[in-house]
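I sat down with this one to look at its empty spaces and at what packs around them. Here are my notes, kept short for a fellow structural biologist.

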Amino acid sequence: EIRAIGAKLARNSNRVPLLVVAVVLSLYVVRGLVSPVTAWDALTYHLVHAARWIQQGGFATQNAPDAWGYYEYFPYAGEVLWAWAMLPLRGDALLAPVSALLVALVGLAAFASARALRVSRDRSLLVALSIVATPAVLAFTGSAYVDTTTLAGFGLGVLFLTRAASTREHADYALSAVAFGLYAAVKPSGLPVFAVALGFLAWSSMRRQRGFWGVLKHSAVIVPVAAAPLLLQAIPTWVRTGSPFYPLPLNLLGTHIFAGNRELEALLDGTIPIPGSRATGVAAFLGELFLPAQGSLPHLNFGPSGLFLLALGLPGLLRMCARRDGRIPGVFLLLVVALTVAVISSPSVAALRNSAWVHVTGRLLTPALFSLAIAAGLLFPSRSVGAVWRVAVLVSAWYSIPRGISPPEAVAMLFCIVGGALLSVALRRAWWRWPGLLRPAPALA
């Protein structure tokens, strides 16, 4: 079966971009195996949380000054995964491989979502590759940030919501709700999407003639399970701080409901100046999202290929909404794009648009990019558009290549690559000699 899959991929018209993306992803994995994590948020709270839980044998709180006043209450569902990855080797060596698996899961969710909309296999693979190759996704492999985890949850939620809109399977409704619940538990930006998704799942269920009471009965089982990871964090936070949303505030229609952390609010709205802050308009912000980075910093947003997905994705969403079998997922994805744009345009997060943070803001917008890429797959199935799409994937992969590799890192990475190649040869020979011995390997992986 593995040889058959390999033979099909070797004949696939997208084999070159697939190989290039796989090589770039492998470079991040190898680099993560030989070098420690150095990303800012990972060192200040993501891995601090995970390492402290391991050291203390469970969830534990810690009082500390300054930024820890809000770091302590950031959602920690995504960091649980890093804690498990750090247990076997008592260190961070496995973070990059686990992160790569999440990137692959994003691609799998995108491919399956496109296929659920009856997009061809070749075009669905291009959809998946265009998302995975985006610097805001691929370049964060091994960083111990949680944005890839949120995108994986969002992608799986979209997949099962799309399936639920065309089937009567209870499992699709349940899995979609659980996936969006995990997305919301990892990052606060998932909360409105989770709420909207529940509404669309209920709408889809009612259209399947289950009736109001039938939807209510199933929701009484599914919603608490889907919301459990979120509630397990929100309730203790509410008890300790007086707000389930702390450290973020909650305002609805101009009414202040829950207070947030004043220092974090002042940082996000620009009241406290951040080094590198500058007044920018819409054009400058879009330039940061889509154009190559200026100076020595790598580009970590969407790159020029993001414009290609934007140009195809918006009309693709409109076409999806016009199709009977794509109306529910189409309207949902359109709302996701609108919500994402509305959040990033808010004055309360001005620093994400006009400070040094702008060069990594794209990772917060990847659900919108995912939505646009899925919809883009519905348009122009011609070979010429496919060729342009493959070039766009290669451009994204170029911008995602890891930079700043030191000579010691390069030597260690070379040893890992050579060792991995020798191990692959040995396993292949063992497969032919003792096929029964390695048969459980795929299941274990």
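The entries below go through the cavities, then the cores, then a pocket.

**Entry 1: setting up.** I am working from a predicted model, and I read everything below with that in mind.

**Entry 2: closed cavities.** How many cavities of 30 Å³ or more are there? I find two. I looked up the largest cavity, and its space comes to about 50 Å³. The second largest cavity holds about 40 Å³.

**Entry 3: walls of the largest cavity.** I listed the lining as Ser130, Thr134, Phe302, Ser305, Gly306, Phe308, Leu309, Trp389, Ala392, Val393 and Ser396. Two helices, α15 (305-322) and α19 (383-400), each put at least two residues into this lining. Sorted by class, I get six nonpolar and five polar residues, with no charged ones.

**Entry 4: walls of the second largest cavity.** Here I noted Thr150, Tyr183, Lys187, Ser189, Arg363, Leu364, Thr366 and Pro367 as the lining. Which classes do these residues fall into? Three are nonpolar, three are polar and two are charged.

**Entry 5: the main core.** I turned next to the nonpolar packing. The largest nonpolar core has 98 residues, and the ones with the most contacts inside it are Phe154, Phe180, Phe332 and Trp389. Helix α18 (residues 366-376) gives the largest share of this core, with eight residues. A further core, of 11 residues, lies apart from it; Trp68, Tyr71, Ile274 and Ala351 are among its members.

**Entry 6: a closer look at Trp389.** This residue caught my eye in the core, and I had already met Trp389 in the lining of the largest cavity. What does Trp389 touch, leaving out residues up to four places away in sequence? I wrote down Arg123, Leu126, Val127, Ser130, Phe308, Leu309, Leu312, Ala373, Ala376 and Gly377. Of these contacts, Ser130, Phe308 and Leu309 also appear in the lining of the largest cavity.

**Entry 7: an open pocket.** I finished with the second largest pocket, which has a volume of about 780 Å³. Its lining has 28 residues, and Arg31, Thr38, Ala39, Ala139 and Ser143 are the closest to its centre. The elements giving two or more residues to this lining are α2 (15-34) and α19. Which of the elements gives the most? I find α2, with three residues. By class, the pocket lining divides into 15 nonpolar, 10 polar and three charged residues.

**Entry 8: a thread to keep.** Helix α19 turns up in my notes on the largest cavity and again in those on the second largest pocket.

Definitions and conventions
Residues numbered from 1 in each chain as written. Predicted model: local features only at pLDDT ≥ 70, side-chain atom pairs only at ≥ 80, totals over all residues. Heavy atoms only, no water. 1 Å grid on protein atoms, 1.4 Å probe; cavity = no way out; pocket = protein on both sides within 12 Å on 5 of 7 lines; lining within 4 Å. Points joined across faces, edges and corners; volume = space filled by probe spheres on them. Helix = DSSP H or I, 4+ residues; strand = E, 2+ residues; numbered from the N terminus. Nonpolar A, V, L, I, M, F, W, Y, C, P; charged D, E, K, R; others polar. Core = buried A, V, L, I, M, F, W, Y, C linked by side-chain atoms within 4.5 Å. Buried < 20%, exposed > 50% of the residue type's maximum accessible area, 1.4 Å probe, protein only. Contact = heavy atoms within 4.5 Å.
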